[in-house]
Amino acid sequence: QGISALGRERLHFIPCLPEVLRGPHEIEEGDSRECLGGHGVVCSLFPRLSTSQNGESPLKMVSLRPASSHGVEQRPLRLGVVLSGGQAPGGHNVIIGLHDYLQRWHPGSTLVGFLSGPRGVMRNDYKILEAQELDAYRNQGGFHLICSGRDKISKPEELTAAEKTAKAHDLDGIVVIGGDDSNTNAAVLAEHFLQQGLKTRVIGVPKTIDGDLKNADVSISFGFDTACKVYSEVIGNIMVDAMSAKKYYHFIRLMGRSASHITLECALQTHPQLALICEEIADMVAQRAELGKDFGVVLIPEGLVEFMHDVSALIAELNELMAAGVNPADQTAVVAHLTPESADLFCNLTPGIRSELLEERDPHGNVQVSHIETEKLLIKLVGLELARRKAAGTFGGKFAALAHFFGYEGRCSLPSNFDATYCNALGQAAGALMAAGRTGLMATVSNLQAPARKWTVGGTPLLSMMHLERRAGCDRPVIKKALVEMGSAPMNSYTASRAMWAIQDWCRSPGPIQFTGPSANMASMTLALELNDGL
Ligand code: FBP
């Protein structure tokens with residue numbers, strides 16, 4: 001595999017390890033938690049993960065504390081690891097952190113990497129991960145060491161296949177590195193293994209560039225920091241181009257599914273003229289035209305369509321129809337089954353968006369919003385609105401726009417120092433939870449506002465992050481996605497400046513990710529603001 005000079009230099013970066021992981025440690029049990037919603041229903045669907053022999057609530061937080069010894073026999077462990085869902089910078093460091101922990105725990109330990117995501121677990125498609133190969137992936141982007149996939153292990157025959165694999169390798173545990181849906185699946189797997197009397201434990205690791213897998217116990221998912229830095233660099237470059245050429249509006253759609261965390265962070269980093277909503281865009285363009293400014297940058301979260309009330313109602317109806325077996329290729333049949341309001345909206349959408357909304361859902365039941373070109377739709381709608389205003393004599397400017405989508409290019413960058421360090425700690429945390437025989441937890445690394453050596457390490461019950469959601473025509477227990485909170489510190493910071501940024505050209509071009517120098521260890525503004533606000 002080719003490697004650049006910078007890539008080679010990054011091989012030698014040594015992520016700082018939290019002090020608690022450097023020596024012997026033991027598990028300390030903390031508070032008990034309830035699920036975020038539907039506690040009774042969720043617990044009834046996960047009977048083993050939600051009951052304990054001594055009658056105490058097993059939804060207990062755990063943390064590591066230094067100890068004079070590990071308190072358990074340090075026998076060789078056999079662990080599996082799988083990457084699940086979209087790529088996110090830092091994934092290799094999680095695997096390497098896990099491997100390093102295992103080697104310290106007992107050099108006779110084995111790490112089995114399952115290939116191409118959960119399908120690798122079901123098909124027992126794997127490779128044994130050894131130090132020599134792993135060393136070439138330290139601090140590198142991508143998931144290509146073992147690759148990922150979006151399959152779900154949920155049907156009885158799929159769970160049985162996973163069980164067979166776990167037995168074949170005599171696994172003490174499997175670490176699932178994934179987003180909200182993949183970690184929901186990790187809980188399903190943990191429950192199944194307990195029910196079947198397997199010794200195989202399951203621990204999740206929070207991954208997704210979207211930044212929507214976070215809560216009181218999980219400060220951030222890995223990958224968000226790097227992806228936002230990559231997008232912000234390019235947005236900054238485009239802003240300077242816009243200010244120099246003075247002839248285009250750039251409509252930039254950003255990845256991130258339903259949640260707009262990426263858009264918000266990139267807005268805080270780059271100060272665009274606008275981040276969000278259609279009517280606001282037209283007003284801002286007209287206002288700037290009065291100042292003789294016919295250019296700017298507008299950031300659009302890819303999940304915007306899901307937030308337009310009528311579109312989200314339409315998507316919910318389409319989900320039900322598709323779950324009930326209505327053929328999405330037959331648009332006449334689809335329209336016939338919709339409510340009049342949704343049918344009207346559907347027929348008024350462009351043919352491209354209509355077929356994107358009818359595309360097959362991913363295995364977890366999500367609309368594939370990355371394929372919906374909202375930026376082009378918005379350019380068209382804003383153009384129509386401004387043409388109408390021109391005819392009415394209320395708009396005297398020009399409107400020429402270019403569309404961009406930044407998504408995949410941010411998912412495999414060399415991880416930032418923050419992500420490289422965070423991921424290494426997460427991998428080691430997963431190893432520590434496994435060594436302690438824990439299951440059904442997400443590995444957590446907290447106290448991120450402090451220097452990395454002071455970071456704390458623990459685990460949060462996967463069930464405690466769940467609530468019930470309508471998926472494929474049924475209410476299902478899933479890990480709750482974190483959306484941008486209107487009163488949150490990052491949002492307040494944005495709203496305090498947005499009016500100024502709309503009119504003034506205060507563009508901020510952050511440049512490429514810095515690996516050395518004063519800004520190298522700065523994490524995202526979102527995280528800094530949230531932690532200072534006491535998330
Ligand atoms: P995960 O939630 O699995 O991390 O995926 C994140 C993401 O990058 C989304 O932002 C995007 O909508 C989606 O993956 C694209 O999926 P695909 O890689 O299947 O095109």
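**View 1. Strands S9 and S12 side by side in the predicted model.** Let's start inside this predicted structure, where strand S9, residues 249–254, is joined to S12 by six bridges. The two strands run parallel. If you would like one residue pair to look for, take Ile252: its bridge partner in S12 is His404.

**View 2. The open sheet around S9 and S12.** Stepping back a little, you can see that S9 and S12 belong to an open sheet of four strands. Reading across the sheet, the order is S10-S11-S9-S12, with parallel pairing. Which strands form the edges? They are S10, residues 274–275, and S12, residues 401–406, each of which pairs on one side only.

**View 3. Helix H10 packed on the sheet.** Here helix H10, spanning residues 261–270, packs on that sheet. The helix touches S9, S10 and strand S11, the last covering residues 296–301. The direction of H10 makes about 155° with that of S11.

**View 4. The whole protein chain, for orientation.** To place the close-ups, here is the full chain, with 20 helices and 16 strands. Its radius of gyration is 24 Å, close to the 24 Å that the globule rule gives for 535 residues, so the chain is as compact as a globular protein of that length. Along the principal axes, its C-alpha atoms fill a box of roughly 80 × 60 × 45 Å.

**View 5. Burial and contacts across the protein chain.** How much of the chain is buried? Of its 535 residues, 49% count as buried. As for contacts between residues at least 6 apart in sequence, 80% join residues at least 24 apart.

How values were computed
Residues are numbered from 1 along each chain as its sequence is written. This is a predicted model: local features need pLDDT of at least 70, side-chain atom pairs count only at pLDDT 80 or more; totals for chains, interfaces and linings use all residues. Two strands pair if DSSP finds at least two bridges between them. Two residues are in contact if their C-beta atoms, placed from the backbone, lie within 7 Å. Axes are lines fitted to C-alpha atoms, for helices over the stretch in contact, and angles run from 0 to 180 degrees between N-to-C directions. The radius of gyration is taken over C-alpha atoms; the globule rule is 2.2 Å times the number of residues to the power 0.38. A residue is buried if 20 or more other C-beta atoms lie within 10 Å of its own, exposed if 12 or fewer, and partly exposed in between; C-beta atoms are placed from the backbone.
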